[in-house]
Amino acid sequence: MQKYEILKKMTDVGVVAVVRAENAEDAIKISDACIKGGISAIEVTYTVPGATKVIEALSEKFNEDELVIGAGTVLDSETARVAIMAGAKYIVSPGFDLATSKLCNRYQIPYLPGIATITELLTAMEYGATIVKLFPGSAFGPSYVKAIKGPVPQANIMPTGGVSLDNVKDWINAGVVAVGVGGDLTGPAKKGDYEGVTKNAIAFVEQVKLARQNK
C-alpha cells in the first residue's frame with residue numbers, strides 16, 4: 001500500500017482507534033469491533049506488552065482493505081523499524097524524533113509525530129510529516145487548532161487524548177483531518193463488551209461525518 005493510500009484511509013473515515021490491548025487475542029477482537037463500526041485504522045501502542053506480536057497478529061488476520069495497522073508510542077527509530085517489519089503501515093510518536101522520521105521516509109511509511117507548539121509543528125513538517133499528532137489534545141482543545149491554522153493553514157493535525165463523542169464535532173470544525181481515540185472508543189472491551197466498542201465506533205464515525213457535512 002502506497003503512502004498516499006495509507007494516509008487517505010486514515011483521513012477518509014477521520015477516526016483512528018488507539019488500542020491498548022493486553023494481548024493479541026484482545027487486540028483482534030477490538031479491531032473486529034472497530035471494523036464493524038466503520039473504523040479501518042488501528043494504532044497499537046508500544047505501551048502494551050508484546051506490541052510487536054499484536055501487530056504481527058493483526059497483519060496476518062486482516063488484509064489492507066479491511067484494516068490499516070499502525071504502531072503508536074514509538075520513541076525511537078529502532079522500535080519503528082521493528083514495528084514496520086512486523087507489518088505496521090504508519091508510525092505515531094508522542095514527540096518528534098529525527099532518526100525515526102528519516103527511517104520512515106526510507107521505507108515510505110507515514111510518520112505522525114507528536115507536537116505541542118508551532119515550532120515543533122514546523123520542524124515536523126520540514127522533515128516530511130504529512131500529518132502531525134497534537135498531543136495531549138486535552139491540554140489544548142479545539143481552539144488551539146484554530147489558532148495554529150491561522151499562520152499555518154496547510155497543517156494537517158490529528159489530536160489524540162481528550163477526544164470524546166461530546167467534543168469530536170468541535171475538533172472537526174476546528175479543522176483537524178482526523179482524531180485519535182482511545183478509551184472513549186475501546187473502553188467497553190475491558191469488560192468484554194465488544195459490541196459496545198462497535199456502537200462507539202459507529203457513533204464516532206457518524207459524528208465526524210455530520211461535522212464534515214455541516215462545515
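**Note on the predicted model**

1. T73 counts as partly exposed, at 23% relative accessibility. The cut-off for a buried residue is under 20%, and exposed begins over 50%, so a value of 23% falls in between. The model is predicted, and the remarks below should be read with that in mind. T73 belongs to the loop between β3 and α4. Its backbone deserves a look: the phi of T73 is positive, near 55 degrees, and the residue is not a glycine.

2. Q108 can be taken together with T73. Phi is positive here too, about 60 degrees, again in a residue that is not a glycine. As background, most residues other than glycine have a negative phi. Q108 sits in the loop between α5 and β5, the latter being residues 111-112. Its relative accessibility is 48%, and Q108 therefore counts as partly exposed.

3. What is the peptide bond from F135 to P136, cis or trans? It is cis, and omega is near -10 degrees. In general, most peptide bonds are trans. P136 is placed in the loop that runs between β7 (132-134) and α7 (142-149).

4. Helix α4 covers residues 77-86, and its buried residues are S77, T79, A80, A83, I84 and A86. What do these residues pack against? The partners are two helices, α3 (51-61) and α5 (98-107), and two strands, β3 (68-72) and β4 (90-92). As a reminder on helix geometry, an α-helix has 3.6 residues a turn, so residues three or four places apart point the same way. After α4 comes G87, with a positive phi near 125 degrees.

5. K102 is a residue of helix α5. Its relative accessible area is 49%, which means that K102 is partly exposed. A distance that can be checked on the model is the one from K102 to A178: the two are 76 residues apart along the chain, and their C-alpha atoms are separated by 24 Å.

6. The packing of α1 (residues 3-13) on α10 (residues 194-213) is described by an angle of about 85 degrees and a distance of 8 Å between the axes. The pair is therefore roughly perpendicular, as angles of 65 to 115 degrees are counted that way. Which residues make the contact? From α1 they are T11, D12 and V13, and from α10 they are V205, V208 and R212. Sorted by class, this contact holds 3 nonpolar, 2 charged and 1 polar residues.

7. V205, in helix α10, takes part in that packing. Apart from its neighbours within four places in sequence, V205 is in contact with V13, V15, G37, G38 and I39. V205 and V16 are separated by 189 residues in sequence, yet their C-alpha atoms are 10.0 Å apart in space.

8. T198 is another residue of α10. Is T198 buried or exposed? It is buried, because its relative accessible area is 14% and the limit for buried is under 20%. Setting aside neighbours within four places in sequence, its contacts are A33, K36 and G37. G37 is also among the contacts of V205.

9. N200 lies in α10 as well. With a relative accessible area of 18%, N200 is buried. Neighbours within four places in sequence aside, N200 is in contact with D184, L185 and P188. For D184, the separation from N200 is 16 residues along the chain, and the C-alpha atoms are 7.9 Å apart.

10. Some totals for the chain follow. The secondary structure amounts to 10 helices and 9 strands. The radius of gyration is 16 Å, which agrees with the value near 17 Å that a compact globule of 215 residues would have. The C-alpha trace spans about 45 × 40 × 30 Å along its principal axes. Buried residues make up 50% of the 215 in the chain.

11. Two further values concern contacts and surface. When contacts between residues at least 6 apart in sequence are considered, 60% of them join residues at least 24 apart. The chain has an accessible surface of about 9,600 Å², and carbon and sulfur atoms account for 50% of that surface.

Terms used: Residues are numbered from 1 along each chain as its sequence is written. This is a predicted model: local features need pLDDT of at least 70, side-chain atom pairs count only at pLDDT 80 or more; totals for chains, interfaces and linings use all residues. Side-chain values use heavy atoms; hydrogens and water are left out. Axes are lines fitted to C-alpha atoms, for helices over the stretch in contact, and angles run from 0 to 180 degrees between N-to-C directions. Helices (H or I, at least four residues) and strands (E, at least two) are DSSP runs, numbered from the N terminus. Angles under 35 degrees count as roughly parallel, over 145 as roughly antiparallel, 65 to 115 as roughly perpendicular and the rest as oblique. Contact means heavy atoms within 4.5 Å. Ala, Val, Leu, Ile, Met, Phe, Trp, Tyr, Cys and Pro count as nonpolar, Asp, Glu, Lys and Arg as charged, and the others, Gly among them, as polar. Buried means under 20% relative accessible area, exposed over 50%, partly exposed in between (1.4 Å probe, protein chains only). The radius of gyration is taken over C-alpha atoms; the globule rule is 2.2 Å times the number of residues to the power 0.38. Accessible areas come from the Shrake-Rupley method with a 1.4 Å probe; for residues, only the protein chains shown count as cover.
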